[in-house]
Amino acid sequence: QVHLVESGGGLVQAGGSLRLSCAASGRTFSTYAIAMGWFRQAPGKERDFLAAIWWSGSRTYYTDSVKGRFIISRDNAKNTGYLEMNSLKPEDTAVYYCAATNGPPLSQYEYGYWGQGTQVIVSS
């Protein structure tokens, strides 16, 4: 059983930055997951897969829309993942979710554990 809680969302002006956190419960994240991913869903749009980080090694993945602006990271000892969001644009406005998978990290539909989401609003 995995419980994920996102935090760090809020209101920010275009060009600003936010850092989202995803705290995972349990003894260790690696006990029940291979990777943590970040997703977002804007009103009226489908859910987008943004980034993933493997819980061991150094592999990461970014989708083109956030590559060069967002940085995914983790702190294994704290069972916590992070998404640093820089140069934010109004089109980044969405509810952001973290999720965990015990399958292939790039297979977005296999993420089985989800947080409740945190809202990010970027003003013009």
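Me: In E8, which residue is the bridge partner of Asp75?

Reply: Bear in mind that this is a predicted model. E7 and E8 run antiparallel and are joined by six bridges. In the bridge that involves Asp75, the partner in E8 is Thr80.

Me: What is the strand order in the open sheet of four strands?

Reply: The pairing in this sheet is antiparallel. Its edge strands, each pairing on one side only, are E7 and strand E1 (4–7). From one strand to the next, the twist averages 15 degrees. Reading across, the order is E1-E3-E8-E7.

Me: OK, on to charges: how many salt bridges does a search of the whole structure find?

Reply: Some background first: side chains of opposite charge can pair when their charged atoms come close. Here Asp92 meets Arg40 in a salt bridge, Arg69 forms one with Asp92, and Asp64 forms one with Lys67. The search of the whole structure puts the count at three.

Me: How many residues apart are Asp92 and Arg40?

Reply: Arg40 belongs to strand E4 (residues 35–41), while Asp92 is in the loop between strand E8 (80–85) and strand E9 (94–101). Their side chains meet in a salt bridge, 2.9 Å from N to O. So the pair links distant parts of the chain, and buried counts as under 20% relative accessible area, which Asp92 meets at 1%. The separation along the chain is 52 residues.

Me: And what about Arg69 and Asp92, how far apart are the closest N and O atoms?

Reply: Arg69 is in the loop between strand E6 (60–62) and strand E7 (70–75), and Asp92, 23 residues apart from it, is in the loop between E8 and E9. Arg69 has a relative accessible area of 11%, so it counts as buried. In their salt bridge, the closest N and O atoms are apart by 2.8 Å.

Me: Which residues do salt bridges that share partners join into one network?

Reply: Asp92 pairs with Arg40, and Arg69 pairs with Asp92. Both Asp92 and Arg40 are buried, and Arg69 is buried as well. The network that the shared partners make consists of Arg40, Arg69 and Asp92.

Me: Is Asp64 buried or exposed?

Reply: Asp64 has a salt bridge of its own, with Lys67, where the closest N and O atoms are 3.2 Å apart. Exposed means over 50% relative accessible area. Asp64 comes in at 64% relative accessibility, so it counts as exposed.

Note on methods
Residues are numbered from 1 along each chain as its sequence is written. This is a predicted model: local features need pLDDT of at least 70, side-chain atom pairs count only at pLDDT 80 or more; totals for chains, interfaces and linings use all residues. Side-chain values use heavy atoms; hydrogens and water are left out. A salt bridge is a side-chain nitrogen of Lys or Arg within 4 Å of a carboxyl oxygen of Asp or Glu. Helices (H or I, at least four residues) and strands (E, at least two) are DSSP runs, numbered from the N terminus. Buried means under 20% relative accessible area, exposed over 50%, partly exposed in between (1.4 Å probe, protein chains only). Two strands pair if DSSP finds at least two bridges between them. Axes are lines fitted to C-alpha atoms, for helices over the stretch in contact, and angles run from 0 to 180 degrees between N-to-C directions.
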